[in-house]
Each structure stands twice: as structure tokens, then as C-alpha cells.
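Hello,

Here is the structure I said I would pass on. Please look at it first, then read the notes underneath.

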Amino acid sequence: MTDLVFIEGLKTQAVIGVYDWEKKIQQDLVFDLEMEHDNRVPAETDDLAKTLDYEAISNYILAFCAERQFELIETLAEHLVAELIGQFKLNAITLTLRKPGAVSAAQAVGVKIHRKSTVTY
Ligand SMILES: Nc1nc2c(c(=O)[nH]1)N=C([C@H](O)[C@@H](O)CO)CN2
């Protein structure tokens, strides 16, 4: 099954970084998500409750970043994905997390992870 619900370029700020100066400031983060979902089911019923609500998931990520603090973006990505799988019953997700201001010579740096649920929803 190759259907997806995706979120692209979700921008927010968080306290994130390994250095002391980074723990006192907010820095930009950009999220791209691809979440596996059989889109035929919501399409048959025209029912929001049968799909992955990209608005609810986006709001969850914004709240997560406002409340939580990590050093590595790897740690943020892993914790966030684990919560999203549980909260929204995701079968599989690919998350790309960019920290655009981290390396001034680069447009962005970041991580990309793909995780599957241990149960099938
Ligand atoms: N793979 C990673 N490398 C680095 C990270 C990170 O989270 N993952 N973080 C930093 C610093 O916090 C950096 O962003 C400061 O500019 C360095 N390398």
C-alpha cells in the first residue's frame, strides 16, 4: 500500500541544540512528514474520522515543540515519531527534520527517519 497523507514545510521554533547558548534561544525547525494510510477508506465515506487529519497532526507537532526540549534533533525526531505513531495510530511514517539556521553555509541540515508501528492499525 503506497497511499500517503503528507505535511510539507511545517515551520516552528524550539529550544534545541547541544551548546549552552542554544538552550537560551528558540531556533527554526522545518518538518516534512509522509504517513502511510489507505486513502480509499476516507474517500469512500467522505469522513474526516477515517483519515489522518493533517491539521490535528500539525497542531500536535507545534505543541510538542513548544513544550519539549532536546539537545539533538535526532532525539526530538525519535520522540516525536513515537508519540505520533501512538496518538494517531500510524502504520508507518517518514519524518524529515531540518534545522535551517544551524550551518550558515548550508541551506539546511537535518535528519530523516522512517519508522513502522509494531502493531498494524
Ligand atoms: N547530527 C547532528 N549534528 C549536530 C546536531 C544535531 O542535533 N544532530 N546539533 C548541533 C548543534 O546543536 C548545532 O545545531 C549548533 O549550530 C551540531 N551538530
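**Notes on the ligand and its pocket**

The residues around the ligand are Gly17, Val18, Tyr19, Glu22, Leu72, Ile73, Glu74, Lys99 and Ala102. Please keep in mind that this is a predicted model. By class, this shell is made up of five nonpolar residues, one polar residue and three charged ones.

Three of the listed distances involve oxygen atoms of the ligand. For Val18, a backbone N or O atom is 3.2 Å from an oxygen atom of the ligand. For Ile73, a backbone N or O atom is 2.9 Å from a ligand oxygen atom. With Lys99 the side chain takes part: one of its N or O atoms lies 2.8 Å from an oxygen atom of the ligand. On its own the ligand has 410 Å² of accessible area, and the protein covers 68% of that.

Where does the ligand sit? The ligand is in the largest pocket, which holds about 220 Å³ of space. The lining of this pocket consists of 16 residues, and those nearest its centre are Gly17, Glu22, Glu71, Lys99 and Ala102. Two or more lining residues come from each of the elements α3 (73–88) and β4 (109–116). The largest contribution is from β4, with three residues. Sorted by class, the lining has eight nonpolar, four polar and four charged residues.

Gly17, Glu22, Lys99 and Ala102 are worth finding in the viewer, as they are among the residues that surround the ligand and also among those nearest the centre of the largest pocket.

Regards

Note on methods: Residues are numbered from 1 along each chain as its sequence is written. This is a predicted model: local features need pLDDT of at least 70, side-chain atom pairs count only at pLDDT 80 or more; totals for chains, interfaces and linings use all residues. Side-chain values use heavy atoms; hydrogens and water are left out. A residue is near a molecule or strand if one of its heavy atoms lies within 4 Å of it. A polar contact is a pair of N or O atoms within 3.5 Å; within protein, one must be able to donate a hydrogen and the other to accept it, and residues adjacent in sequence count only if both atoms are side-chain atoms. Accessible areas come from the Shrake-Rupley method with a 1.4 Å probe; for residues, only the protein chains shown count as cover. On a 1 Å grid over the protein atoms alone, a cavity is a set of points where a 1.4 Å probe fits but cannot get out, and a pocket is an open set with protein on both sides within 12 Å along at least five of seven lines; lining residues have an atom within 4 Å of a point. A molecule sits in a cavity or pocket if more than half of its atoms lie within 2 Å of its grid points. Ala, Val, Leu, Ile, Met, Phe, Trp, Tyr, Cys and Pro count as nonpolar, Asp, Glu, Lys and Arg as charged, and the others, Gly among them, as polar. Grid points are joined across faces, edges and corners, and a volume is the space filled by probe spheres set on the points. Helices (H or I, at least four residues) and strands (E, at least two) are DSSP runs, numbered from the N terminus.
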